Amino acid sequence: MATSKNKTQTTNVSPQNFLDAIANPKKKADALALLDLFQRITELKPKMWGPSMIGFGRYAYKYKSGREGEYFITGFSPRAKALSVYIMPGYRDMSEKLQRLGKHKTGQSCLYINKLEDIDQAVLEDIILDGVTYMRANYQTWDE
């Protein structure tokens with residue numbers, strides 16, 4: 001099966017400009033803090049993916065169906081209801097870390113946080129680093 005394009009692609013929008021345009025001061029401060037945290041942990045430059053996601057690095061995937069594509073290794077989005085943190089391998093064997101994290105919800109590869117003060121940021125750093133390490137060990141990745 002041929003490589004298909006994801007709906008969500010990188011854009012030329014500056015992540016800093018995107019975050020600077022956030023109207024809610026608390027959401028903006030948390031998003032800027034996440035930008036710094038992700039850059040420090042990943043040592044990668046941020047890129048906008050679609051209109052609202054900030055991704056770091058890139059990896060190639062191939063599903064059992066044969067569908068192939070590329071996506072970011074990790075990232076986040078300052079959504080209206082919550083900060084969404086994307087841990088692409090999901091939360092396998094992370095129950096202990098998630099218990100220590102603080103107030104959050106999870107999806108398959110998403111961690112939803114209302115505000116950074118609700119969580120232990122050192123635990124969040126550990127979760128992000130764990131996800132990035134897993135992705136680099138198990139997928140073809142590019143540092144962009």
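**Exercise 1. Helix α4**

Which side-chain oxygen reaches to within 3.0 Å of the backbone nitrogen of A122 at the start of α4? Determine also how the span of this helix compares with expectation, and which of its residues are buried.

*Solution.* The model is predicted: local features need pLDDT of at least 70, side-chain atom pairs count only at pLDDT 80 or more, and totals for chains, interfaces and linings use all residues. Residues are numbered from 1 along each chain as its sequence is written, and side-chain values use heavy atoms, with hydrogens and water left out.

Step 1. The oxygen belongs to D120. The pair is a polar contact (N or O atoms within 3.5 Å; within protein, one able to donate a hydrogen and the other to accept it, residues adjacent in sequence counting only if both atoms are side-chain atoms).

Step 2. Helices (H or I, at least four residues) and strands (E, at least two) are DSSP runs, numbered from the N terminus. Helix α4 covers residues 121-138. The expected span is 1.5 Å times one less than the number of residues. For the 18 residues of α4 this gives 26 Å, in agreement with the 26 Å between its end C-alpha atoms.

Step 3. The buried residues (under 20% relative accessible area; exposed is over 50%, partly exposed in between; 1.4 Å probe, protein chains only) are V123, L124, I127, I128, G131, V132 and M135. An α-helix has 3.6 residues a turn, so residues three or four places apart point the same way.

**Exercise 2. The six-stranded sheet**

Establish the strand order, the edges and the helices that pack here.

*Solution.* Step 1. Strands pair if DSSP finds at least two bridges between them. The open sheet has the order β1-β2-β5-β6-β8-β7, with antiparallel pairing. Because β1 and β7 (105-106) each have a single partner strand, one side of each is left without a neighbour in the sheet.

Step 2. Helix α2 packs on this sheet, touching β1, β2, β5 and β6 (contact: heavy atoms within 4.5 Å). Its direction makes about 175° with that of β5; axes are lines fitted to C-alpha atoms, for helices over the stretch in contact, and angles run from 0 to 180 degrees between N-to-C directions. Helix α4 lies across β5, β6 and β8 (110-113), at about 35° to β6.

Step 3. Strands β1 (residues 46-49) and β2 (residues 53-56) pair over four bridges. K47 stands opposite G55, while P46 has F56 as its bridge partner. Three residues separate the two strands of this hairpin, and G50 in the turn has a positive phi of about 65°.

**Exercise 3. Two buried polar residues**

Is S77 buried or exposed, and which residues surround S77 and D30?

*Solution.* Step 1. S77, in strand β5 (residues 74-78), is buried at a relative accessible area of 1%. Its side chain reaches the backbone oxygen of S52 at 2.6 Å. Leaving aside neighbours within four places in sequence, S77 is in contact with S52, M53, A82, L83, S84 and Y86.

Step 2. D30, in helix α2 (residues 25-42), is buried with a relative accessible area of 5%. With the same neighbours within four places left aside, D30 is in contact with L83, K115 and L116.

**Exercise 4. The three-stranded sheet**

Give the order and edges of the second sheet.

*Solution.* The order is β4-β3-β9, with antiparallel pairing. The edge strands are β4 (68-71) and β9 (140-142), each pairing on one side only. Neighbouring strands are turned by 25° against each other on average, direction ignored. Strand β3 (residues 58-62) meets β4 over four bridges, and Y59 has Y71 as its bridge partner.
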